[in-house]
Amino acid sequence: MVLSYPLFEIPFIGIYLIVLAFVFGAVFASFITCTAWRVVRHEDWMGGHSHCDTCGHELSTADLFPVVSYIALKGKCRYCGSKVPPRDLIFEIILGLVFAATLWLHGAVDAVVIATLTLEVLLLGLSLADWDSGVIPDGFLAAILVVWIMTVGFMPEMQKYAVEGLIASACVGFAMVIVTAIIGKVKKTKMSYGPAKLAMCLMLFCRIQGAVIAVSIAVVLGVVFALVCKSKNRKISLAPAISIGVIVALILKDIIGIVFQIHFV
Ligand SMILES: [Zn+2]
């Protein structure tokens with residue numbers, strides 16, 4: 001079912017939905033940061049209770065409200081008083097804002113926006129996992145492929161452009177595999193093909209214009225991230241750069257149309 005209506009024409013409903021989008025964004029960020037944390041540590045990511053990293057005390061529901069709990073507890077553990085790093089809070093606010101911006105710029109609640117929001121959650125998770133471990137977990141890539149298969153399966157608009165997505169995926173993937181192999185040869189190290197696999201998965205969603213925009217942003221940010229990682233003497237993580245490139249391409253108003261090539265209103 002597609003609930004589609006121009007948000008701007010119904011101000012109260014529009015504001016309500018955008019605030020709701022922020023809340024959902026914060027909740028999903030809380031879930032996915034926890035999932036990424038567990039995946040990186042090879043813990044059971046489905047079950048188990050969250051606990052304080054310092055004292056190990058199991059956290060109650062009241063400690064786990066996104067944004068609110070952190071502010072109410074002044075950034076400290078309720079049980080041992082140790083300072084909790086603000087990282088999760090920052091990502092909860094960022095994903096809340098990204099969700100709100102996505103819905104606001106898109107102006108409708110429909111299958112496209114739901115696919116976009118799902119991608120944004122997965123990209124936050126795999127970027128954090130890559131930043132923390134230097135590896136992009138295959139599980140996240142599989143989830144992105146499932147989203148693509150579902151959008152192509154259920155959205156006739158996407159079916160029309162599936163071939164273009166496959167071409168973008170093949171071209172960008174091929175280019176990245178070649179570049180990765182050359183860098184590996186020059187530096188005489190084993191390079192990860194994770195970023196190439198991620199780019200291939202994401203390009204499936206893009207038409208050529210969308211792919212060009214996303215890749216341009218990702219290349220510039222990739223250089224910045226590589227320099228930052230080098231200065232900090234840590235493994236280079238490219239997933240955040242690729243993810244930001246695609247998310248920026250997705251949330252800019254007309255770009256949702258360019259990437260998915262579906263124009264509303
Ligand atoms: Zn504690």
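## Leu-202 and its neighbours

Let's start with Leu-202. In this predicted model, setting aside residues up to four places away in sequence, Leu-202 touches Ile-144, Ile-242 and Val-246. Two of its contacts, Ile-242 and Val-246, also turn up where helix 9 meets helix 8, as you'll see further down.

Leu-202 is also a well-connected member of the largest nonpolar core: of the 59 residues there, Ala-199, Leu-202, Met-203 and Ile-242 touch the most other members.

## Helix 7, wrapped up

Is helix 7 largely enclosed or open? Nine of its 10 residues are buried, so the rest of the structure largely encloses this helix. The buried ones are Gly-194, Pro-195, Ala-196, Leu-198, Ala-199, Met-200, Cys-201, Leu-202 and Met-203. And what does the covering? Helix 5, helix 6, helix 8 and helix 9 are among the elements that do.

Take Leu-198, which sits in helix 7. A residue needs 20 or more C-beta neighbours within 10 Å to be called buried, and Leu-198 has 26 inside 10 Å, so it counts as buried. Leaving out neighbours within four places in sequence, Leu-198 is in contact with Ile-136, Leu-141, Ala-239 and Ile-242. For a sense of distance, try Val-39: it is 159 residues from Leu-198 along the chain, while their C-alpha atoms are separated by 17 Å.

## The big nonpolar core

Now back to that core of 59 residues. Which elements give two or more residues to it? They are helix 1 (11-40), helix 3 (87-106), helix 4 (111-133), helix 5 (138-154), helix 6 (156-187), helix 7 (194-203), helix 8 and helix 9. Helix 4 supplies the largest share, with 13 residues.

Why does the core lie between the two domains? Domain 1 (1-109) and domain 2 (137-265) both give residues to it, so it lies between them.

## Helix 8 meets helix 9

Helix 8 (residues 208-231) and helix 9 (residues 239-251) pack at an angle of about 145°, and their axes are 7 Å apart. Their crossing is right-handed.

Which residues make the contact? From helix 8 they include Gly-210, Ile-213, Ala-214, Ile-217 and Leu-221, while helix 9 offers, among them, Pro-240, Ile-242, Gly-245 and Val-246. Sort the residues of this contact by type and you get 14 nonpolar, three polar and no charged.

Methods. Residues are numbered from 1 along each chain as its sequence is written. This is a predicted model: local features need pLDDT of at least 70, side-chain atom pairs count only at pLDDT 80 or more; totals for chains, interfaces and linings use all residues. Axes are lines fitted to C-alpha atoms, for helices over the stretch in contact, and angles run from 0 to 180 degrees between N-to-C directions. Helices (H or I, at least four residues) and strands (E, at least two) are DSSP runs, numbered from the N terminus. A crossing is left-handed if the near helix is turned anticlockwise from the far one by less than a right angle, and right-handed if clockwise. Two residues are in contact if their C-beta atoms, placed from the backbone, lie within 7 Å. Ala, Val, Leu, Ile, Met, Phe, Trp, Tyr, Cys and Pro count as nonpolar, Asp, Glu, Lys and Arg as charged, and the others, Gly among them, as polar. A nonpolar core is a set of buried Ala, Val, Leu, Ile, Met, Phe, Trp, Tyr and Cys residues joined through C-beta atoms within 7 Å. A residue is buried if 20 or more other C-beta atoms lie within 10 Å of its own, exposed if 12 or fewer, and partly exposed in between; C-beta atoms are placed from the backbone. Domain bounds come from an automatic or database domain assignment.
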